Amino acid sequence: MRKPRVAFLCVHNACRSQIAEALGRYYARDVFESWSAGTVVKAGIDPDAVRVMKQLYGIDMEEPQKPKLLSALPQVDAAVTMGCNVECPDVPCRFREDWGIEDPTGRGEEELVRTIRRIEQKILELRDRLSQGEQGRLPQSGD
């Protein structure tokens, strides 16, 4: 049985969703597959996010990742929107939730680190929820 695929979504797929994809792979690769995408992508991942993720975790997001559109995603089981402040991307899936995380781009390193730590906590919570009980079972909207 394959692990569930979780897509982290935001508009530009350049910062928050990229961080979530990287931290999902870092902390939860044994529980779920991490993907990210956006509705309108930028040319690259936010350089400050790349730098801080290297400093904090030794993760080079530019190596395995790049900004991509929703159409580049495989069929996913869960979609996590990061908090778009606009029309959030919509993809077919069995489970979705919104983390309501503000975009830290251009707001300084302290805010970026706070955002990364918040995403880290959410990834750990998601990993724990998905690993409870039957491996790979996604909660339904009413669970």
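Helices here are DSSP runs of H or I with at least four residues, strands are runs of E with at least two, and both are numbered from the N terminus. With that settled, good morning, and let me turn to the structure above. This is a predicted model, in which local features need pLDDT of at least 70, side-chain atom pairs count only at pLDDT 80 or more, and totals for chains, interfaces and linings use all residues. Residues are numbered from 1 along each chain as its sequence is written, and side-chain values use heavy atoms, with hydrogens and water left out.

I begin with the overall layout. The protein chain has 3 helices and 4 strands, and along the sequence these follow the pattern β-α-β-α-β-β-α. Of its 143 residues, 48% count as buried, where buried means under 20% relative accessible area, exposed means over 50%, and partly exposed lies in between, with a 1.4 Å probe and protein chains only. The chain exposes about 7,300 Å², of which carbon and sulfur atoms supply 47%; accessible areas come from the Shrake-Rupley method with a 1.4 Å probe, and for residues only the protein chains shown count as cover. Among contacts (heavy atoms within 4.5 Å) between residues at least 6 apart in sequence, 70% join residues at least 24 apart.

Next, helix H1, residues 16-28. Its expected span is 1.5 Å times one less than its number of residues. For 13 residues that gives 18 Å, and the end C-alpha atoms are 17 Å apart, which agrees. Is H1 enclosed or open? Because 10 of its 13 residues are buried, H1 is largely enclosed by the rest of the structure. Among the buried residues are Ile-19, Ala-20, Ala-22 and Leu-23. The buried residues of H1 pack against strand E1 (5-10), strand E2 (33-38), helix H2 (47-57) and helix H3 (109-131).

Now to the charged side chains. The structure holds 13 salt bridges, a salt bridge being a side-chain nitrogen of Lys or Arg within 4 Å of a carboxyl oxygen of Asp or Glu. Which residue of H1 pairs with Arg-25? The partner is Glu-21, with the closest N and O atoms 2.6 Å apart. The two are 4 residues apart in helix H1, so about one helical turn separates them. In general, an α-helix has 3.6 residues a turn, so residues three or four places apart point the same way. Glu-21 is buried, at 1% relative accessible area, whereas Arg-25 is partly exposed at 25%.

Glu-21 also meets Lys-68 in a salt bridge, at 3.3 Å from N to O. Lys-68 lies in the loop between H2 and strand E3 (78-81) and Glu-21 in helix H1, so this pair ties together parts that are 47 residues apart in sequence. Lys-68 is itself buried, with a relative accessible area of 12%.

In helix H2, Asp-48 forms a salt bridge with Arg-51 at 3.4 Å between the closest N and O atoms. Asp-48 is partly exposed at 39%, as is Arg-51 at 32%. Elsewhere, Arg-2, Asp-77 and Arg-94 are linked in a network of salt bridges.

I close with the strands. E3 and E4 pair in the parallel sense over 4 bridges; two strands pair if DSSP finds at least two bridges between them. Val-80 has Glu-97 of E4 as its bridge partner. Along E4 (residues 95-98), Phe-95 and Glu-97 point to one face and are buried, while Arg-96 and Asp-98 point to the other and are not.
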